[in-house]
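Subject: Handover of the structure

Dear colleague,

I am passing the structure below on to you, together with notes on what was found in it. Please read the notes with the coordinates open beside you.

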Amino acid sequence: MKGKVLFTATLLSVLLAGRAEAQRCLPKMQGIEVKAGMAGSDGYVLGAALSSYAKGGNKWVYGVEYLQTNHPYRSVNVPVAQFTAEGGYCYNFLSDAKKTVFFYAGASALAGYETVNRGEKTLYDGARLCNGDAFVYGCAATLDMEVYLADFIALTATLRERFLWGGSTGVCRTEYGIGLKFIIN
């Protein structure tokens, strides 16, 4: 009889104590993120990244991105595409007590390839482009937010400024977007 009462009391204390909170952003945890966003008013960006968490909720980020912008020329748009790979570090400067919302500031190194008008030098009206394809390199400054929807799924929002040299279509690009992150271990 005492065993049943003890078991019932233990069960009730567990049920009434509330649910256990997940432990998030622990060192060596990893997450895969897919993201999409806008680059200015005429471009878009698609990407994927692997995050590896360090102490204090900080994270190392390794990813790839595809960025496309359009430059108007008479009645058509000339597409400019950038394929980049990145590696960087993000510092967790703010999070709530329940570890549901995280804010990060980060910096990363970028390298990739830029193509103008898919490599075509001649436009529809016979005009020749002076801009060409090139390897690009540079860095990015990022503000990032993660909101955990469940223990292993987070919604992300990103604002970043990319600085890429080596191309012929400009150095600075501002991006903003959203993504989904899945914690894999």
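The protein chain holds one helix and eight strands, and its elements, taken from the N terminus on, follow the order α-β-β-β-β-β-β-β-β. Please keep in mind throughout that this is a predicted model. The eight strands close into a barrel in the order β1-β2-β3-β4-β5-β6-β7-β8, with antiparallel pairing, and neighbouring strands of this sheet are turned against each other by 25° on average, direction ignored.

Some totals for the chain may help before the details. Of its 185 residues, 37% count as buried, and the accessible surface comes to about 10,600 Å², of which 68% belongs to carbon and sulfur atoms. Among the contacts with a separation of 6 or more, 55% are accounted for by residues 24 or more positions apart.

The closure of the barrel can be followed from strand β1. This strand, residues 30-39, is joined to strand β2, residues 43-53, by 10 bridges, and the two run antiparallel. Within that pairing, Gln 30 stands opposite Ser 52 in β2, while Gly 31 stands opposite Ser 51 of β2. The hairpin of β1 and β2 has three residues between the strands, and Gly 40 takes a positive phi near 75° in this hairpin. Strand β1 is also joined to β8, by nine bridges and again in the antiparallel sense, and there the bridge partner of Met 38 is Tyr 176 in β8. As for the two faces of β1, the covered one consists of Gly 31, Glu 33, Lys 35, Gly 37 and Ala 39, whereas Gln 30, Ile 32, Val 34, Ala 36 and Met 38 make up the uncovered one.

Strand β7 shows a comparable division to look at. Its residues are 153-165, with Ala 154, Thr 156, Thr 158, Arg 160, Arg 162 and Leu 164 on the covered face, and with Ile 153, Leu 155, Ala 157, Leu 159, Glu 161, Phe 163 and Trp 165 on the uncovered one. On one side, 13 bridges join β7 to strand β6, residues 134-150, in an antiparallel arrangement, and a hairpin links β6 to β7 through two residues. Ala 140 has Arg 162 of β7 as its bridge partner. Strand β7 also pairs with strand β8, residues 172-183, in the antiparallel sense over 11 bridges, with Phe 163 having Cys 172 in β8 as its bridge partner. The hairpin of β7 and β8 has six residues between the strands, and Gly 166 takes a positive phi near 105° in this hairpin.

Two residues of strand β4 deserve a look together. Thr 84 lies in β4, residues 76-95, and Thr 84 counts as buried because its relative accessibility is 4%, under the 20% cut-off. A polar contact of 3.4 Å joins the side chain of Thr 84 to that of Arg 162, the residue already met on the covered face of β7. Leaving aside neighbours within four places in sequence, Thr 84 is in contact with Gly 63, Val 64, Glu 65, Ala 111, Gly 112, Val 136, Arg 162 and Leu 164.

Phe 83 also lies in strand β4, but Phe 83 is partly exposed, because its relative accessible area is 43%, in between the cut-offs of 20% and 50%. With neighbours within four places in sequence again left aside, the contacts of Phe 83 are Glu 65, Tyr 66, Ala 111, Gly 112, Tyr 113 and Thr 115. Of these, Thr 115 is 32 residues away from Phe 83 along the chain, and the C-alpha atoms of the two are separated by 8.6 Å.

Finally, a word on the cysteines. The count of disulfides comes to zero, and Cys 172 is in none, the nearest cysteine sulfur being that of Cys 139 at 9.1 Å, whereas a disulfide would need the two sulfur atoms within 2.5 Å. Cys 172 counts as partly exposed, because its relative accessibility of 43% falls in between 20% and 50%. Cys 90, by contrast, counts as buried, because its relative accessibility is 9%.

With best regards

Terms used. Residues numbered from 1 in each chain as written. Predicted model: local features only at pLDDT ≥ 70, side-chain atom pairs only at ≥ 80, totals over all residues. Heavy atoms only, no water. Pairing = 2+ DSSP bridges. Helix = DSSP H or I, 4+ residues; strand = E, 2+ residues; numbered from the N terminus. Axes fitted to C-alpha atoms, helices over the stretch in contact; angles between N-to-C directions. Buried < 20%, exposed > 50% of the residue type's maximum accessible area, 1.4 Å probe, protein only. Contact = heavy atoms within 4.5 Å. Areas by Shrake-Rupley, 256 points an atom, 1.4 Å probe, with all protein chains shown as cover. Polar contact = N/O pair within 3.5 Å; in protein donor to acceptor, adjacent residues only side chain to side chain.
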